[in-house]
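Here are some short exercises to work through with the model open beside you. Try each task before reading its solution.

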Amino acid sequence: MTTTTAGGGVRARRPRALPLRYVVRKTVTAFGTLVFVVIVNFFLFRVLPGDPAKAFSPRGRNADPNRLAEIRRDLGLGLPWHEQFWAYVKNLASFDLGVSWGQHAPVSRLIGERLWPTVLLSGTALLLAAGIGMWLGARAGWRHGSRLDRVSSSGAVTLYSTPEWLLGLVLLIVLSDLGVIPAAGMQNPLSELPPALDIAWHMVAPVTVLAVVYIAEYSLIMRSSMLDERYADYLTTARAKGLRDDLVMRRHALPNALLPSITLFFLTLGFVVSGAIGVETVFNWPGLGRLTYDALRGPDVPLLQGLFLTFSAGVILMNLVADLLYPLLDPRVRAS
Amino acid sequence: MSLLDIRDLHVTYRVGGGGLPAVRGVDLTVHEGQTVGLAGESGCGKSTMAGAVLRLLPAGTTITGEVRLAGDDVLTMSWGKLRAVRWSAASIVFQGAMHALNPVRRIGTQIAEPILLHDAKATPKTALRRAGELLERVGVPAWRAQSYPHELSGGQRQRAMIAMALACSPKLIIADEPTTALDVMVQAQVLALLAEVVEEQRVGLLLISHDLSVLSASCDRIAVMYAGRVVEEGPGHELFTAPRHPYARALAAAFPVIGDPVSRRAPKGLPGDPPDPRELPPGCPFHPRCPDVVADCREVDVRLSAPDNGRRAACVHTGGVR
Amino acid sequence: MISPARRLALAVTAALAALVLPAVPALAEDTPSPSAKTTFVLGIKQDIDSLNPYVGVVASAYEAYQLMYDYLTGSSEKDFSPVPGLAESWETSADGKTWTYHIRKGVKWSDGQDLTAKDVVYSFQRAIDGDTENGQYGNYVANITKVSATNDYTVVMETSEPSPSMLRLLVPILPEHTWSKVSGEDVGTFANDNAPVGSGPFKLVEAKKGQSYRFEANKQYWAGAPKIDELIIRVYADDAPLAQALRTGEVHMVNDISASVFESLMNQPNITTSDSKYSGFTELAYNVGAATVDGKAIGNGHPALKDKRVRLAIDHALDRNVLLDKVLRNHGTIASGVIPPIYADWHWNPGSAARAFDVAKANELLDQAGYPKGAGGVRAGPDGKKLEFRLFGRESSETSKKNVEYIRDWLKEIGITVTVSIMSEDQLTAVIGEGEYDMFEWGWVVEPDPDFQLSVFSCGQRSTEDGGEISAGWSDSFYCDESYDALYEKQKTILDPAARTAVIKEAQQHLYDNAVYSVLYYYNNFEAYRSDKFTGFVHQPSNGGSLVFQYGTYTYRNIAPVTNQTAQKRSLGGIALVIGVGAGLIALAGVAVVLFSRRRRVTADERE
Amino acid sequence: MKTARSIAWARRRVALGAFWQGYRRDREGLFGLVVLVVFATVAIAAPLLADAEGLSLTKATGPRLAPPSLAYPFGTDEDGRSVLTEVIWGSRISLLVGLAATVISMVIGTLVGIGSGHFRGFGGGVLGRLTEWFLVIPYLPLAIVLATVFPPDVPRIIAVIIVIGVTSWSGTARLIRAQTLSIEERPYLERARALGGGHWHQMSRHILPNVMPLVLANTTLTVSIAILAETTLSFLGLGDPLRMSWGKILDNAYSGDVITSGAWWWALFPGLAVVLVVRAFNMCGRAIERVLDPRLRELA
């Protein structure tokens, strides 16, 4: 009834193409979100009372009133709001986020300089946390109910309930009592070490603190998605094929459990960036987080506006990456 | 020497506090090239039997008795030996192929996996080519090896499962309700394919189904299970056409035979549901639903009668042993 | 193929080595190699807002300008009296309106060009004409009518009227050949952070905004070469990391730290703390009747505060010694006048006639003023309006939040209910400008010349209104009194220091008698340095003034490293601990790996 | 005579009884509940446990930065105030802000969730889009910006409550929207529409009761997020400077240089209080989820 074609040739591997329509749709929604953020950002800061021009000449140094009026004209505060809005959008297109009141420097330059330390700190902590967190969560989920599972998930819930900066604060207190004083800031110009190692030495404490809290979060995520797969039929098939237990977990359960975790990985990214604000302040790490903390004194409105945009744009971008990455990983989604 | 020889198998699941007796003393043998059917309503313990053969039951389940697969007792062998035996000595075709196949891996890789595991000489390339041949053998185009389970139809998936079961050319194949999820036409094709394979490769087939008519058409011998025990056993055709045990009779009657005047009038269903394994009724567990129930049935836990030209039944009326 | 167990062991040991390796630098950090250049690191809390002298306004920015540029005249480190700067000597005309400065010869810019009178004229002309520039230095050049260079080393300036501040011209002298390239429009955002050309004792070589600023010593400086080779100013967010950096030796000196941090540093090894007098004061200010320059009343200040007796009563109710003890932890002195004692010759204080803390007197004064105690102990005026005042504190200052709480409790004692609210300094400035306040707590940092400080209470400095838009002047009390204004204008034109001092003191007494401010205390500036690493710090003024952020760069030029590197008993314990922990971890990991792999082999057959 | 309402309430009481039976057996849930009850009593009975005067600077009598002792079980801060008093009174503000903000967040979340799930076409689309946008915007920077621009005349504590409430509803809205969509397909909603039930009737009579269990479970999780948010905002100096909350104590400690002075007790006890309460809410939330969603139960 069935005929065997000569040699049962196997056709070449089909490339995993992403339908263009899907990519365009996702990018457009992401852009829509960004536009929403820009609008919110603009109107949010028009509510502020207080005289921005005055910020240019704080007490102790005198500036005559007509100069203040002139500054107000430069800032375009007198114009009707819609003209201000178009001017704001036009500047935004050329990455001109205005001038910081507190630091008298273009906001885009300030953010540009402080972006790299935050990416370095949060990025390292994030990769560490995702790696260890997911490994731990997978094993806890797989050996469901075992001592490892109970201990690691109750520990995770506790760490998940702790603000990162609190952990940092307690760590600093304990260390300073022990006489071991971790260095503050990112670099020590005096140190004879090559800059890379010096930065690494300064990173140990803040990265540990950030990573520990996010290990908790990612292990909980991974544990719950592993529990969803734990009793699936295809695992029985795999065991029936004669695979060893850990192979069953690594080759079959893990790929399936990893998929939802990756989306959540990007979704919680926003929180990691926010978390950095607390940790960077406590450890005096010169990133966007501490820049936000400094901008609060004043408050330095244009800088806060620029930072809010940067944080949101970063998270929106990451979610777009998640949306595009997910179908590549999960064939079932690509079909729809 | 029989392929599969199950002696006095008892399986009790650990659920919550207490135990749930799924199989309460079953003997079953399958010889080379022979197809044995295992029938019964859901919850009677037939799927547990399939799980027990390759010791796939969840941890904490208490299993006693003997399961000799090609001479070795599976229940007592070390995990290492068991893993070597799994899929090479016996393989399983599961019911819902959609769930039994890994959704995120290609069909070809899943079929090639056991080959690479059990055949030391195999290389990824040769294993994949073998997978293509197996797919062709079961009537699925070889290039489908590149597809994912959700890209195949129900029938094709079930055939792929069969191809996978044949991957290491095992002596015994256990098919746990292989066609239940399919519509009738595809069901017939799959059963024909199974019969062909059994014939061609002289393998033993343990076919598990709740559909007696399916079993009668393709099995040499059939055993009917009820509440964890075999209540009747005998040659396939005879058991369907002339069942002795009341439950077997009811089960056979539940499947109308086209063109048979008797069943056309009012196919008889059975009142009530299968008993809860944790609170089995005293005596013969079938007595609450048995049309021919007598006083003894409530006291006597009747066992299978002595074989009378290949047929045995566990009922007071048919010489069941007290 | 390496078996999984061995691969795991390698990974674990590599990770641990990475952890321990950083401990090595902690060791290297302590033995600075002798041949390297000596570097002094100063930790500060307030980032330099701009290195452009026409833009920066915060104190740390001014410190940078003093390092990079010179001024015509300086202030002596003994008592702030004028001393020669770029101007070696100077003469004034009989009528006191023409000043001739003789510029020092042989002074070179950092790019080798000669510094001449043309640069001085260019710097002053720009401060007079430029919009942004005048905004910054307006009050120094307000009455200079003409600036000219008669030859390469002589500058003549004419003023509209005799002005004593001609010897306090804090206008930095900038090189014409580089600054002429920066136009009037874009001077507002010109960063001036790319190795700017200057003539000062130090040259900026690297600026990392918000992190650190590196200066190299100008070994050819006319007032003597600095002893250190390199100066780094590092910026910290808060006192905590700043104090931490001092203890780890990452910085050699810290400035402007809070009282509590200062206290905890007092008993730390190798650290010397300096509780230096400072030119700042903190006051409780009243809204004595907000109105614009042309007399139009604005805002919603409580009318009762217009009455001097109410203000005097409040002043008597304030227990300044408690503030000194609890808030300043005794690092400062209680105050009356608006010119701090650090400026010995201008400072006035009532001495024995000072108003004492006297609740009974306060109640008596309030009764006399017609505000008897009503229901619930709260006083009310003849028109039934209760004495309920709003008191604003500042978000960015911990001491401000504490002061307002004390003041609220004290005023409750004499029947005045106070509602406190805390806001940012920007919001407070706006609120003051519009007169929408009753009382607030803030402070001033006073310059060596009292002119600007006294101008704050003159009628001219009140808010101005044009077309419905109120823009604030520098007056935050809206005090306006002809006799006071007369005193203020008079002192502006007296050249003879003794005569001018008398008028200035009279003005201070006038403010005190009318309780325009209740000046609370003069607070000290908290500084601390690593006495085991550097010595030669200079106080200005000499009797316990501050070491840095002075009017001059005396400390920076005088400090030198402590030569005899005595045994480094720096917390070796810390380093040993780190290395010990590291070694322990490696041993532990080794054992774990062995156990782990053995267990794997035994049970490979047994594991499911 | 049994009215429809009494039958419905009877059913609800039975359901509640069953819920409590399930909840009682959940060890984690019970432990969380006990911790919450303890903190609630401490917050309510604050005036009895500690004298409010202990908070004011002027009345502080204790020694400066004294380590924990019998007189001051949690030690004292740099102004000589007992940290125990501060933690007891702090619990009032932290719990109040947490609960109040959660109420706002749940109300917005439920309304938007049901709205975006129920209304097809433009209305539903906009609400759905709004949820997605707020889901993506990182909550802390938004909270910081909102807290900074809040008009100063609004009392600070109200501002903080509104800010947290407005920035934490999107998670709930997304869950409820999914639940509403699944309820929309149910036949009895078709019947309600067929019988002429308007939008409001469908939503309040049918969708809301079905969504309530999910709202309950999510509420407890949102409270934990709200309390964390309040603590972080206060630490960054954006909280109410005049009222003592746990975040405020930690802010005072950090700017009072708790690190160099080594006064560990000043930061440890308020920190522990935050972690314990947030963890308790998390535990209750996860327990409620397990009781409500049978599938989760056997996986516990």
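**Exercise 1: confidence in chain C**

In this predicted model, residues 18–34 of chain C keep a pLDDT under 50, and the model gives them 26 contacts beyond four places in sequence. Find a further stretch of chain C where pLDDT stays under 50, and decide how to read it.

Solution. Start with the whole chain: the mean pLDDT of chain C is 82, with 87% of its residues at 70 or more. Next, go to residues 566–576 of chain C, where pLDDT stays under 50 and the model has twelve contacts beyond four places in sequence. Finally, apply the rule: where pLDDT is low, the predicted coordinates should not be read in detail.

**Exercise 2: strand partners in chain B**

Which strands does β1(B) pair with, and how do they run?

Solution. Take β2 of chain B (residues 19–30): nine bridges join this strand to β1 (residues 4–14), and the two run antiparallel. Check the register at B:R14, which faces B:G19 in β2(B). The pair forms a hairpin with four residues in between, and B:G16 in the turn shows a positive phi of about 55 degrees. Then turn to β4 of chain B (residues 62–69), joined to β1(B) by seven bridges, again antiparallel. Here B:H10 sits opposite B:T64.

**Exercise 3: two domains of chain B**

Describe how domain 1 of chain B meets domain 2 of chain B.

Solution. First set the bounds: the assignment gives domain 1 as 4–227 and domain 2 as 249–271 + 279–322. Their C-alpha centres are 29 Å apart. Seven residues of domain 1 and six residues of domain 2 make the contact. On the domain 1 side, α8 (212–218) and β9 (221–226) each give two or more residues. That side divides into five nonpolar residues, one polar and one charged.

Definitions and conventions
Residues are numbered from 1 along each chain as its sequence is written. Chains are lettered from A and ligands numbered from 1 in the order in which they are written. This is a predicted model: local features need pLDDT of at least 70, side-chain atom pairs count only at pLDDT 80 or more; totals for chains, interfaces and linings use all residues. Domain bounds come from an automatic or database domain assignment. Ala, Val, Leu, Ile, Met, Phe, Trp, Tyr, Cys and Pro count as nonpolar, Asp, Glu, Lys and Arg as charged, and the others, Gly among them, as polar. pLDDT is the predictor's confidence in each residue, from 0 to 100. Two strands pair if DSSP finds at least two bridges between them.
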